[in-house]
Structure formats: C-alpha cells, structure tokens
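This report is a first walk through one protein chain. The sequence and the structure come first, and the description follows.

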Amino acid sequence: MVAFSPTFRKRLRCLALPSWTALSLLLLALGSLDLGEARAQSVPEGGQSGVNTGGAHPAVLDAQQRPITAGGFVKTGPIVFEDVAAAAGLATWTHKMGTPEKAVILETVGSGVALLDYDNDGWLDIYLVNGSTFDALAGKVSAPHAALFHNNHDGTFTDVTAKAGVTNDRWGFGAVVGDFDNDGWPDLYVTNYGKNRLFHNNHDGPFTDIAEKAGVALGGWSTGATWGDYDGDGRLDLFVPGYVHFNMADLPSGGAAGTALDGCNFRGVRVMCGPRGLKGEADHLFHNNGDGTFTDVSKKAGVDDAHVYYGLASIFIDVNGDGKPDLLVADDSTPNYLYLNKGDGTFEDASFASGYALNESGRETASMGIATGDYRHSGLLDIYNTTFSDDYKPLYRNDGDANFTDTSYQAGIAECTVPFLGWGTAFFDYDNDGWLDLLEVNGHVYRGVDQQAWGTTWAQRPLLFHNVQGKLTLVPAVEGTGLAKIAASRGMAFGDLFNDGKVDVVVNNMDATPSLFRNVTKTDNHFIAFRLIGGPKSPRDAVGASVSVTANGFTQRADVVAGGSFASSPDQRPHFGLGSASKIDRIEVRWPDGVKQEVAPPPTVDAFYTITEGRPAQRMK
C-alpha cells in the first residue's frame with residue numbers, strides 16, 4: 001500500500017474530485033514525486049526580476065493533460081454561478097490595456113470594478129475601469145472608455161457612461177466607492193497611470209471630476225485605493241497606494257542584452273521587466289478637510305511607505321477590535337503593510353510584528369488582492385491574500401490583538417492555489433448557510449506562459465472554496481458554468497445585483513468583455529441584509545461600521561468597507577446567510593463613531609432593511 005505525505009493528501013482535497021480521479025491526475029502530472037519534498041527542494045530562480053518569490057513547482061495537469069489552471073473540470077456537480085454578462089448587456093463593453101504582446105509591466109496589471117447604487121434607487125449599478133494604449137496616450141487615437149452600467153431592475157443593464165460623465169479616458173486601474181461629503185450619494189475615486197479622478201455625485205445623474213480642486217489627483221501610478229474615517233471626525237479619508245514609478249520616456253527594455261535589466265526572466269525565460277528592478281511609488285493618505293478638499297498627511301500619520309514598496313491593494317478595516325480602522329496594504333514582491341490605528345491621527349507599523357508582512361516561510365509574497373472576513377465565527381477578521389503563480393496563497397488566521405498566523409497549509413488550501421496567479425478575492429456567503437466562503441479570480445501576467453510547460457496559463461479559471469463550519473473545501477468547476485470560465489481576470493467585486501438574496505460577482509477581464517457571475521445556487525437557506533446610514537458623528541454611508549447577527553446558535557460579523565480585493569469596491573450592504581433559521585436572536589451595530597447599538601430583530605427575514613444610527617430597522621421597499 002502506498003503511503004502519501006500530508007501535503008500530498010492536501011493536494012488531493014484541493015482538486016475537489018473523487019479520490020481515485022484526483023489520484024490518477026496527480027500521478028499523471030507528478031509521477032511518484034512527494035509534493036512535500038518537492039516544495040522543500042524548490043530553488044528560486046537566480047537573478048530574476050519577475051514577481052515569483054518562491055521556487056519552481058511541478059506542473060499539475062488534468063486527465064486531458066491541460067494545466068489545472070485551465071482544466072480540471074467536471075461534467076456534473078453543484079452549479080454556483082452562471083456567466084450572464086451577455087444577456088445582461090455587459091458584453092457591449094471591452095477592456096483594453098496596451099498591446100497583445102504585454103512587453104512592459106504597465107500593460108499587464110489590469111483593472112478593477114466597483115459596485116454602487118449611484119442613483120439611490122435601491123439597486124446596485126456597475127462601474128468597470130478601462131485601461132488605455134500607448135497610441136491613446138500619445139493622442140493618436142481615442143482613449144478606451146470606462147463603463148457605468150445602470151441596473152434596469154429586470155436582469156439587464158444600460159450603459160450610461162457618457163451621460164454620467166465618468167468615461168475617465170485615462171490609463172485606469174482601480175475604483176473605490178465612498179460618500180466623502182456625507183450628502184447621501186456615493187462618490188467614486190478612480191486610480192490611473194497619470195492623474196487620478198474624484199467623481200463627485202451630483203445627485204441628478206452626472207458626476208463631476210473634482211480631483212484637482214480636492215487635491216487628490218496625484219500622478220505617477222496609483223492602484224487599489226480605500227476610504228475610511230481614520231481619525232474619527234465623521235468624514236471619509238482616502239488612502240492611495242503607489243505601484244511602480246513608470247517612465248514612458250524610458251521604458252524597461254524587457255531584458256534586452258546589455259541593459260541594466262537584462263536579467264528579467266522567470267524560470268530561465270526572458271519576460272517583461274518588473275516590478276523588481278524598477279523604482280516603486282510612495283503611498284498617500286489624504287485627510288478629508290470637510291470643505292471638499294483633502295490634505296496629504298501620509299508622513300505625519302506614518303503611512304507614507306518609506307521603503308517605496310509596490311502597492312496593489314488596500315483596505316481600511318478594524319483588525320484588532322478596538323473600534324478604530326486599521327490599514328492593510330498588499331504589496332507586490334515586497335512585504336505587506338499592517339498599520340494599527342493609534343487613535344491620535346497616527347498609525348503604528350505592525351507589519352512584521354503582526355505576522356502579516358511575510359508568509360509562513362518568512363518570505364515576502366507578490367500580493368495582489370486582499371479578502372477579509374470572520375470565516376470561523378471567532379469575532380475576529382481573518383485575511384487572505386492572492387499572490388503570484390508558483391506560490392501558495394496565504395490565509396492569515398487572526399489570533400487576537402493584531403497577531404496573525406499563516407494557516408494556509410494547515411487549512412488544506414495552499415497547494416491547490418500554487419499554479420494560479422490570483423487577483424480579486426473576497427469572503428462572502430454564496431449559499432446563505434451562515435458561513436463565509438472564499439473566492440479568487442486569476443490570470444497570468446506573462447503572455448508567453450502558454451508556450452511553456454510550467455503548468456500555468458495566461459487565461460485561468462476562478463477558485464471558490466466552500467466553508468463547511470470553518471473548513472474550506474474547493475468547489476468543483478462544472479463545465480459551462482461560471483467557475484469554468486477561462487479568462488485573464490483581474491478586478492472582482494461581489495454584491496446582490498438582483499436583490500434576490502444571493503451574492504453575485506462581477507469580474508473585469510483583461511482585453512475582454514467582463515463576467516457577471518449570477519448566483520444560481522439551489523438552496524432553501526434564508527438571508528437578511530442591511531443598508532446602514534451613519535449619524536452626525538459617523539460617515540453617512542457608514543464605512544467602518546461592523547454588524548453582528550446572532551442566529552442558528554452562532555454569531556456572524558460583517559463590515560462595511562470600501563476597497564480590498566484588487567482595485568475594486570464591493571456592495572456596502574452587509575449580507576448574512578441564516579441557514580434554516582427563520583428568525584434572528586440579536587443584532588448589534590458598532591458604528592464608526594464608536595457607538596454600539598442593539599437593534600430589535602425584524603419580524604421577518606429574507607429581506608433588506610435600512611438601519612439609521614440610533615433608530616430601529618425599517619424594511620426597504
């Protein structure tokens with residue numbers, strides 16, 4: 001009888017297939033190699049400036065000899081998502097970024113998506129960020145437009161971009177939603193290569209770009225920003241990570257012989273250069289002055305990124321439970337930042353002390369996206385980061401008091417993520433059983449990977465982990481469904497787009513039409529969701545609030561956030577799956593101003609309710 005190592009058995013579970021099928025696939029791909037031994041023997045490529053910080057891993061192929069990133073499908077199984085983008089009207093828009101060859105790093109990163117109810121009609125609309133081309137930057141051709149799709153309440157969306165004045169027409173990367181002036185209408189900050197935009201919502205449909213007047217236009221290369229009231233004055237402040245200091249007049253050579261970057265390679269193959277070997281961009285924190293302007297307080301607050309790391313995603317969220325928003329920053333090929341809010345307008349850099357800066361091996365990772373959520377019902381927020389291919393994706397368990405332990409291998413989800421290059425990610429409860437599940441979308445940055453025998457691909461499928469009472473298990477990708485969609489995916493945002501009590505997903509795909517993964521899970525489980533409105537000492541949109549719901553014998557937590565994932569912004573209505581419970585035992589809201597409010601449970605579930613600070617819940621029409 002063959003004895004398998006614990007790591008080998010974890011790989012079997014990761015494949016989410018019947019055991020003998022999984023075993024045969026692994027034997028095809030790996031022979032008799034013990035994966036634990038292979039991991040220990042992996043040696044980083046010498047001198048490379050690519051973003052893999054681990055070592056080369058053996059390829060995992062499916063029964064058709066396809067890399068698992070674009071294969072491993074099953075014919076039958078639970079169907080979670082259907083891609084309805086075309087039927088919904090989203091396929092009329094296409095993302096565009098650079099040239100097909102992706103010779104320089106600016107062309108490879110991709111763009112995000114934001115979900116917002118811009119007209120306050122109770123239905124989520126969709127904003128998709130677009131990239132650009134070198135000819136457009138030079139003024140030779142028209143720039144690709146971003147897209148704002150209005151929700152028609154019937155499963156379809158209408159492109160209202162031009163009418164709303166949010167085309168952007170710059171080389172775009174991220175979008176984040178926040179009501180910075182507390183007027184009850186969501187505003188939109190868009191990050192670019194070049195100057196950023198702050199689209200102020202004018203209430204009557206159009207937006208106005210006030211970034212220059214507000215002092216937040218910047219320049220350079222900005223990525224996944226986040227809103228949060230870090231100083232507790234009731235107004236949303238803005239944090240903007242910087243990525244690479246990219247000079248169009250002095251493009252990286254892509255590894256041409258005789259240049260300073262002629263070591264740009266991955267697994268011995270020359271690839272586009274960066275981010276290693278390139279200068280980084282600093283991060284910026286803008287304090288909201290309350291008069292439509294902002295002041296850069298990055299250095300004063302201690303979050304100016306003195307090391308000039310390569311920032312890609314960020315999120316304001318309270319990780320230590322003291323009621324003040326802390327700050328997480330996912331950095332590419334450099335250590336991550338965790339800044340603890342000291343409550344005096346400054347932050348303590350707890351990145352290394354907390355355990356979040358590095359993975360369990362003590363290595364920095366090429367972090368792309370951030371997911372936060374209490375998936376264990378501990379009352380504490382855990383963190384998941386997406387990273388590069390040939391590296392597992394760290395799951396950081398919150399041990400309390402801002403201490404984190406990388407438990408990805410212990411949880412049995414590390415090995416199956418290794419071949420994938422992850423971007424957007426989020427915790428949410430797709431089947432309303434009361435336990436947060438985990439999704440990531442994937443796609444490579446090296447256009448030539450399909451010609452290599454590395455076991456990874458340019459276009460990749462998503463990964464969805466089902467949470468069964470605290471244990472995460474990979475959901476099989478059924479042929480023809482959303483989980484089997486192959487794309488070079490980047491930004492991802494989740495939310496209930498059809499107001500049917502199920503969480504859906506929008507994905508921005510590189511050089512392609514977007515995906516709208518409608519949640520078609522068959523379940524009798526119940527749900528409840530809330531729209532929060534902050535009082536006079538809290539941000540009006542309640543970003544930074546935390547809601548606890550007790551039902552079915554346990555308590556769940558959901559936070560109102562703006563940012564995270566990769567360059568994207570989710571539905572800001574806290575959503576709770578209730579399982580079989582038809583009533584709620586207790587609801588508590590901790591508002592951004594520190595007030596804790598116990599809310600009388602509504603008489604019915606399977607509905608949306610508005611909670612205004614200090615008032616009872618009111619059912620939404």
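Helices (at least four residues) and strands (at least two) are DSSP runs, numbered from the N terminus. With that numbering, Ser565 sits in the loop between strand 33 (554–559) and strand 34 (575–579). The model is a predicted one.

**Confidence**

The mean pLDDT of the protein chain is 91, and 90% of its residues reach 70 or more. Two stretches stay under 50. One is residues 1–12, for which the model has 23 contacts beyond four places in sequence. The other is residues 255–260, with 10 such contacts in the model. Where pLDDT is low, the predicted coordinates should not be read in detail.

**Loop residues**

Ser565, introduced above, has a positive phi of about 45 degrees although it is not a glycine. Is Ser565 buried or exposed? Its relative accessibility is 7%, and buried means under 20%, so Ser565 counts as buried.

His377 is another residue other than glycine with a positive phi, here near 60 degrees. It belongs to the loop between strand 20 (369–373) and strand 21 (382–386). His377 counts as buried because its relative accessibility is 18%, under the 20% cut-off.

Ser132 is found in the loop between strand 3 (125–128) and helix 5 (134–137). With a relative accessible area of 1%, Ser132 is buried. Which residues does Ser132 touch, not counting those up to four places away in sequence? They are Lys96, Met97, Gly98, Leu137, Ala143, Pro144, Arg170 and Trp171.

The loop between strand 13 (269–270) and strand 14 (284–288) contains Pro275. A cis peptide bond joins Gly274 to Pro275, with omega about 0 degrees.

**Nonpolar cores**

In soluble globular proteins, nonpolar side chains tend to be buried together. The largest nonpolar core in this model has 41 residues. Those that touch the most other members are Tyr189, Leu198, Val216, Trp227, Phe530, Leu532 and Leu578. Two or more residues of this core come from each of helix 7 (211–214), strand 11 (237–240), strand 31 (526–533), strand 32 (546–551), strand 34, strand 35 (586–590) and strand 37 (607–612).

Leu198 can serve as an example of the surroundings of one core member. Not counting residues up to four places away in sequence, Leu198 touches Phe180, Leu188, Tyr189, Thr208, Asp209, Ile210, Ala211, Ala214, Val216, Trp227 and Phe294. A second, separate core has 33 residues, including Met97, Val104, Phe173 and Trp423. Met97 is also one of the residues that Ser132 touches.

**Pocket and cavities**

The largest pocket has a volume of about 430 Å³. Of the 22 residues that line this pocket, Asp117, Asn120, Arg531, Gln572 and Arg573 lie nearest its centre. Strand 2 (113–116) and strand 31 are the elements that give two or more residues to the lining. Strand 31 provides the largest share, 3 residues.

How many cavities of 30 Å³ or more does the structure hold? There are 7. The largest cavity encloses about 510 Å³ of space. It is lined by 41 residues, and the closest to its centre are Thr372, Phe427, Phe494, Asp559 and Val561. At least two lining residues are supplied by each of strand 16 (311–317), strand 20, strand 24 (422–428), strand 28 (489–495), strand 33 and strand 34.

The second largest cavity has a volume of about 180 Å³. Of the 19 residues lining this cavity, Asp318, Pro325, Val543, Gly544 and Ala545 are the closest to its centre. Strand 10 (226–228) and strand 16 each give two or more residues to the lining.

The table lists the linings by residue class.

| Space | Nonpolar | Polar | Charged |
|---|---|---|---|
| Largest pocket | 10 residues | 4 residues | 8 residues |
| Largest cavity | 21 residues | 13 residues | 7 residues |
| Second largest cavity | 10 residues | 4 residues | 5 residues |

Several elements recur in these descriptions. Strand 31 gives residues to the largest nonpolar core and to the lining of the largest pocket. Strand 34 contributes to that core and to the lining of the largest cavity. Strand 16 helps to line the largest cavity and the second largest cavity.

Technical notes: Residues are numbered from 1 along each chain as its sequence is written. This is a predicted model: local features need pLDDT of at least 70, side-chain atom pairs count only at pLDDT 80 or more; totals for chains, interfaces and linings use all residues. Side-chain values use heavy atoms; hydrogens and water are left out. Buried means under 20% relative accessible area, exposed over 50%, partly exposed in between (1.4 Å probe, protein chains only). Contact means heavy atoms within 4.5 Å. pLDDT is the predictor's confidence in each residue, from 0 to 100. A nonpolar core is a set of buried Ala, Val, Leu, Ile, Met, Phe, Trp, Tyr and Cys residues joined through side-chain atoms within 4.5 Å. On a 1 Å grid over the protein atoms alone, a cavity is a set of points where a 1.4 Å probe fits but cannot get out, and a pocket is an open set with protein on both sides within 12 Å along at least five of seven lines; lining residues have an atom within 4 Å of a point. Grid points are joined across faces, edges and corners, and a volume is the space filled by probe spheres set on the points. Ala, Val, Leu, Ile, Met, Phe, Trp, Tyr, Cys and Pro count as nonpolar, Asp, Glu, Lys and Arg as charged, and the others, Gly among them, as polar.
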